[in-house]
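Dear colleague,

I am handing over the structure below, and what was found in it follows underneath. Please read the notes on conventions together with the findings.

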Amino acid sequence: MALAEREKIPYQLGASHAGGTDTCTLRRWSGNVRTALISIPSINMHTGVEVVDWRDLSSATDLLVNWIKKECN
């Protein structure tokens, strides 16, 4: 959140009501390898007509690129 705010990248906090990822498991069982989960809101997930808002995709990309730059320097 601090990185998004510093770089003026829009974000929102939310909780998924279904599904999940292996992010926590990966971190726990891989010797504390740094992990991150960036979710992009979508509708019709796992179908041929899944839709995301371009602004959400762009913001997620900006956040990830800035995080990688910060971590690799």
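Met1, Tyr11 and Leu13 together form a nonpolar surface patch with about 360 Å² of accessible area (Shrake-Rupley method, 1.4 Å probe, with only the protein chains shown counting as cover for residues; patch residues have over 30% relative accessible area and no salt bridge, meaning no side-chain nitrogen of Lys or Arg within 4 Å of a carboxyl oxygen of Asp or Glu, and nonpolar side chains (Val, Leu, Ile, Met, Phe, Trp, Tyr) are joined within 5 Å, like charges within 9 Å). Of these residues, Tyr11 lies in the loop between α1 (2-6) and α2, and it is partly exposed at 36% relative accessibility (buried is under 20%, exposed over 50%, partly exposed in between, with a 1.4 Å probe and protein chains only).

This is a predicted model, in which local features need pLDDT of at least 70 and side-chain atom pairs count only at pLDDT 80 or more, while totals for chains, interfaces and linings use all residues. Residues are numbered from 1 along each chain as its sequence is written, and side-chain values use heavy atoms, without hydrogens and water.

The mean pLDDT (the predictor's confidence in each residue, from 0 to 100) of the chain is 87.

Thr23, in helix α2 (helices are DSSP runs of H or I with at least four residues, strands of E with at least two, numbered from the N terminus), counts as buried because its relative accessibility is 18%. Leaving aside residues up to four places away in sequence, Thr23 touches Thr35, Ala36 and Leu37 (heavy atoms within 4.5 Å).

Best regards
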